[in-house]
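Okay, thanks everyone for coming. I'd like to walk you through one structure today, and please stop me if I go too fast.

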Amino acid sequence: MNNESVSNESVTVIGLGLMGKALATALLKAGHPTTVCNRTAAKADDLVAKGATLAPTVGDAIRASSLVIVCLSDVAAVRDTVGPHRADLAGRTLVNLTSGTSDEAREIAGWTPEYVDGAIMAIPEVIGQPEAFLLFSGSPTAFEKHEETLKRLGTATFFGTDPGLASLYDVALLGIMWGMLNAFLHGAALLGAAKVAASDFAPFANQWVSSVTGFITAYAAQIDRGSYPPEDAALETHLATMKYLVRESAAAGIDTDWPARIQALTERAIDAGHSGTSYSSLIELFRGRA
Ligand code: NAP
């Protein structure tokens with residue numbers, strides 16, 4: 001496909017919730033003829049005003065474009081909405097940006113050879129900008145065919161032929177987000193008990209998170225080598241300071257569940273024989289081999 005045909009490629013977006021609308025808006029803005037379809041058709045009104053075509057049925061929507069993007073609440077909705085129209089997918093690429101499990105992605109990949117599963121690591125308002133990053137896996141041919149169009153949505157990374165891989169990255173990355181946010185919220189509660197505003201704590205939290213990204217890089221190398229030398233600090237050093245976090249939380253009358261869990265994990269690792277190793281040895285616990 002030459003650049004001109006890519007820039008003019010017609011795209012269908014099925015699902016016009018918060019994310020689907022953002023996707024369709026970015027495609028329209030980039031000049032793609034865009035067909036849209038949603039269970040609640042009225043949600044298409046402002047997109048139609050911007051130049052989108054509202055398809056009367058899901059079948060019409062699929063047949064309108066060679067690239068069909070679906071973004072619904074969950075995979076059950078994808079099965080109900082797109083599932084009955086599998087025959088119409090022949091010769092088209094289905095890009096499923098609905099969150100789901102890796103097995104669900106592999107199931108839907110069975111509907112059509114040109115299947116690409118995707119995960120959106122962004123909120124709707126940044127779609128169309130480089131800081132929105134989208135992860136894809138599935139058919140390399142289909143991804144390459146539509147790569148330029150998919151890049152209109154944000155920075156696109158393709159992980160290869162296993163259609164489940166984008167979903168696995170998605171949940172693993174979201175796990176990091178929840179872990180970090182829980183730690184921040186717990187810290188804000190602790191400092192809040194000492195009358196420190198969360199917004200005064202936030203710049204320090206952000207600075208520390210940026211230091212911790214360096215630990216991730218170093219620990220990833222240790223995990224891949226399968227050896228955990230205590231190059232920065234031994235597990236026992238971590239454990240001693242974790243106990244202060246638990247004690248401070250109890251003294252401030254705030255919930256101790258979060259730090260107590262972290263402490264319990266570290267104690268389990270030491271009990272399992274990882275005494276004197278780096279914090280990265282907890283990988284063995286998470287792998288269930290401790
Ligand atoms: P949303 O605003 O709740 O929109 C849900 C969409 O699914 C609507 O178009 C809704 O149609 C449709 N839908 C739900 N059940 C349906 C059914 N049984 N049959 C047909 N259509 C159905 O959700 P969203 O924020 O757009 O999220 C969509 C997907 O993007 C989710 O998988 C989400 O995890 C993922 N995602 C979202 C974000 C985010 O920040 N919002 C970020 C990353 C990934 P109606 O309009 O008719 O209700």
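I'll go from the whole chain to the sheet, and then to a few single residues.

First things first: this is a predicted model. Keep that in mind for everything I say.

So, the overview. We've got one protein chain with 12 helices and 8 strands. If you lay a box along the principal axes, the C-alpha atoms fill roughly 65 × 45 × 35 Å. There are 290 residues in the chain, and 40% of them count as buried. How much of the contact list comes from residues 24 or more positions apart? Counting contacts with a separation of 6 or more, that share is 58%.

On the surface side, the accessible area is about 14,900 Å², and carbon and sulfur atoms hold 58% of that. And for those who like charges: there are 21 positive and 31 negative ones, and their mean positions lie 2 Å apart.

Right, on to the sheet. It's an open sheet of 8 strands with mixed pairing, and if you read across it you get β3-β2-β1-β4-β5-β6-β7-β8. Which strands stand at the edges? Those are β3, residues 53-54, and β8; each has a single partner strand, so one side of each has no neighbour in the sheet.

Let's zoom in on the β8 end of that order, starting with β7. This strand covers residues 133-138, and 5 of its 6 residues are buried. On one side, β7 pairs with β6, residues 115-121, in the antiparallel sense, over 6 bridges. On the other pairing, β7 runs parallel to β8, residues 155-158, and 4 bridges join them. So if you were wondering what "mixed" looks like in practice, β7 shows you: antiparallel with β6, parallel with β8.

You can put residues on that. Take Leu135 in β7: Ala119 stands opposite Leu135, and over in β8 the bridge partner of Leu135 is Thr157. Its neighbour in the numbering, Leu134, stands opposite Ala156 in β8.

Ala156 is worth a moment. Remember that β8 is one of the edge strands. Is Ala156 buried or exposed? Its relative accessible area is 18%, and the cut-off for buried is under 20%, so Ala156 counts as buried. Leaving out anything within four places in sequence, Ala156 contacts Leu134, Phe136, Phe143 and Lys151. For a sense of distance, the C-alpha atoms of Ala156 and Glu114 are 17 Å apart, with the two positions 42 residues apart along the chain.

Now over to β5, residues 93-96, where we find Asn96. Asn96 sits at 1% relative accessibility, so it counts as buried. What does its side chain do in there? The Asn96 side chain makes a polar contact with the side chain of Tyr115, at 3.2 Å. Beyond its sequence neighbours up to four places away, Asn96 touches quite a list: Val70, Val78, Ile108, Tyr115, Val116, Asp117 and Gly118.

Tyr115 comes up again with a helix residue. Ala142 is in helix α7, residues 140-150, and the C-alpha atoms of Ala142 and Tyr115 are 6.9 Å apart, although they're 27 residues apart along the chain. Ala142 has a relative accessibility of 1%, so we call it buried. Setting aside neighbours within four places, its contacts are Thr93, Glu114 and Val116. And Val116 is also on the list for Asn96.

Two last stops, further along the chain. Gln263 belongs to helix α11, residues 257-274. It's a glutamine with a relative accessible area of 14%, so Gln263 goes down as buried. Which residues does Gln263 contact, apart from its neighbours within four places in sequence? That would be Leu239, Met242, Lys243 and Val246.

And then Lys195. Lys195 is in the loop between α8, residues 165-192, and α9, residues 198-225. Its phi is positive, about 65°, although Lys195 is not a glycine. Buried or exposed, for Lys195? At 77% relative accessibility, it counts as exposed.

That's my tour. Happy to go back to any of it on the screen.

Terms used: Residues numbered from 1 in each chain as written. Predicted model: local features only at pLDDT ≥ 70, side-chain atom pairs only at ≥ 80, totals over all residues. Heavy atoms only, no water. Helix = DSSP H or I, 4+ residues; strand = E, 2+ residues; numbered from the N terminus. Buried < 20%, exposed > 50% of the residue type's maximum accessible area, 1.4 Å probe, protein only. Contact = heavy atoms within 4.5 Å. Areas by Shrake-Rupley, 256 points an atom, 1.4 Å probe, with all protein chains shown as cover. Lys, Arg positive; Asp, Glu negative; His and termini not counted. Charge placed at Lys NZ, Arg CZ, Asp CG, Glu CD. Polar contact = N/O pair within 3.5 Å; in protein donor to acceptor, adjacent residues only side chain to side chain. Pairing = 2+ DSSP bridges.
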